[in-house]
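Visitor: I'd like a close look at one part of this protein, please. Could you take me through the cavities and whatever belongs with them?

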Amino acid sequence: MATPRLMAYTTGSFYVAGGTAAILATSGAWSAPDWRTTAILALAATAVVVGSALLLRGKSLPRKAFDVVVAQGAAFVAAAVVLSRDDVTALGVAGVFVFCAVDNLYFFARRAALVHTAWLLTAVAGSLLWRGVEPGIVGAVMTVQVAVVAVIGRLVQRAAHGTRDSLTDLLNRRGLDEHVEESVATAHRTGVPLSVALIDLDHFKQVNDQGGHAAGDELLTDLAERLSGRLHTLVPGAVLARHGGDEFAVVLHGTDLAGAEAAAQTLRAEAAPTGMSIGVAQLRPAEDPGTLMRRCDSALYEAKAGGRGRVAVAGGADDGLLEDLRTALDAHALDVVLQPVVVPGVGPGATRFVGVEALARWTHPVRGPVSPAVFIPLAEANDLIADLDRVVTRRACADAVLLREAVGEHLFLTVNASGRHLVDPAFVPDLLTTAAETGWPLSGLVVEVTESTVESASDATRDTLEELRAVGVRVAIDDFGTGYSALSQLDTMPADFLKLDAHFTAQLTVSDRRRALLAGLLRMSGDLGLVVIAEGVETGEQEDALVALGCPLAQGYWHQRPQPVAALVAALDRDDSPDAVLGGV
């Protein structure tokens, strides 16, 4: 579970501490040292030097090098025990074996850890028996060592659970994030290429619908085994993780973009029992982990939008794309899809449909679909976000009018607003003009701002939100649950809705703590007059958990995917279709 950086730091510290302890244990013989004391001091000094080198340079060592380093540490201690002048000193030095036990269990996979532990216990017992220590005392020392191993093993197991997926035993999202961060830092330092791939299982929802979630779980575990086995031969050292749901991630160390694409094509063709789409990206100079993963996600999006069952590679520089985005905004050529917001658990086969969220989409005339994870940051970085917000809001309001006429119900429409746009004095007047010209009522409009915007809200941002509410527009805090400080501001922040982040929702069925947190949040939100919307509902189990907790609103693929207004209206009319999950009030 440890990274090379942590392994180097821990082992180096133990080497220095163990060497220092051995020096202190022989201090009584310094005045008249014999050959044994001299030998121990030489070993101890060597340990201190090796430990110092590990602290300074060990993070660049390959993982396999630590097998030698840890085994060598146990050999050093065993030699020092044998060479000790008396049994008291020998027993004191033998206590350093505990350091080796910690390294064994934290650094290595189960099989390797067992081998190292067996060598450790053999070294403990053998070194003490060699010098004639009574078997009973040796047994006592062994008992202590075994107890330490058992306790540390249990702690490691609990610690690893936080970074491991319970279904596949792969790294989970948290473990992947930590590994990518470490890998990016290493790649920048060493200059060795690094690539990542995101893998999405095509039509996975059909597996769950037809065979139940047990069939879906079986497919995911089977795919994890297939991918792991094939990666072992394709790219030794590649790390596979479950990114979430039916999505996997692969970190390819020492692999450039061409090699990563070739590996991805092989995995797509050979490893999957069903079709899958893959996005690939290579780390750029000075690129941070978040940007790398966003580019890879964009490539995956393009692979799926291009017909699925294919591999897409993240492109190069965005200069040309920026000019194309300017042109698209000038021509109002962006599209909008709508995702329903529903009341969960309203009767079998039907869902109460109360609102929609507008999401921007852009189909490039040459590149095809471009992920929002690409063009929205591009707009923000080049002062185009206000234009993008205006284009999307106008299109969303016009589409929502058509949807309301088709449904015959009072619906609310949520639109996203960038934190940069909120401080623009023209934001509210532009919004009022758009609503008036499209015929969408202000009482049915909700402006979404992210939790990070709330956390860093300036006086100008707060004034804008207050002004919106004063004219009848409601405010939602989006991605709630990803930050840390917004909770303390809820009682003062001008808001009407809390949109629970999808990653938070995904944990409801596997974490009692998350359910307890949501239960408390729902009670507190009710007291503050805030309505909670759970985003990212993908399974029936998540839906059931939300209903049990009394969550008032939800949205996600379990209810309906985002789609153009015409397709959404058509879905509402297909009462006999299994996809028609939206019903009347």
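**Inside and on the surface**

Guide: Gladly, and let me begin with the cysteines: the count of disulfides comes to zero. Please keep in mind throughout that this is a predicted model. Two cysteines can be placed by their accessibility. Cys-397 counts as buried because its relative accessibility is 1%, and Cys-551 is buried as well, since its relative accessible area is 5%; the cut-off for buried is under 20%.

Now to the part you asked about. The structure holds three cavities of 30 Å³ or more, and the largest of them takes in about 240 Å³ of space. Its lining is made by 21 residues, and those closest to the centre are Gly-18, Gly-73, Phe-76, Val-77 and Val-96. Seen by element, helix 1, helix 2, helix 3 (65-83) and helix 5 (97-107) each give two or more residues to that lining.

Two of these helices also lead us out to the surface. Helix 1 (4-25) and helix 2 (35-57) each supply at least two residues of a nonpolar patch. That patch covers about 440 Å² and is made by Leu-6, Tyr-9, Leu-55 and Leu-56. Tyr-9 is a good residue to pick out here: its place is in helix 1, and it counts as exposed because its relative accessibility is 55%, where exposed means over 50%. So helix 1 and helix 2 are worth following in your viewer, as they contribute both to the lining of the largest cavity and to the nonpolar patch.

Key. Residues are numbered from 1 along each chain as its sequence is written. This is a predicted model: local features need pLDDT of at least 70, side-chain atom pairs count only at pLDDT 80 or more; totals for chains, interfaces and linings use all residues. Side-chain values use heavy atoms; hydrogens and water are left out. Patches are made of residues with over 30% relative accessible area and no salt bridge: like charges are joined within 9 Å, nonpolar side chains (Val, Leu, Ile, Met, Phe, Trp, Tyr) within 5 Å. Accessible areas come from the Shrake-Rupley method with a 1.4 Å probe; for residues, only the protein chains shown count as cover. A salt bridge is a side-chain nitrogen of Lys or Arg within 4 Å of a carboxyl oxygen of Asp or Glu. Helices (H or I, at least four residues) and strands (E, at least two) are DSSP runs, numbered from the N terminus. Buried means under 20% relative accessible area, exposed over 50%, partly exposed in between (1.4 Å probe, protein chains only). A disulfide is a pair of cysteine sulfur atoms within 2.5 Å. On a 1 Å grid over the protein atoms alone, a cavity is a set of points where a 1.4 Å probe fits but cannot get out, and a pocket is an open set with protein on both sides within 12 Å along at least five of seven lines; lining residues have an atom within 4 Å of a point. Grid points are joined across faces, edges and corners, and a volume is the space filled by probe spheres set on the points.
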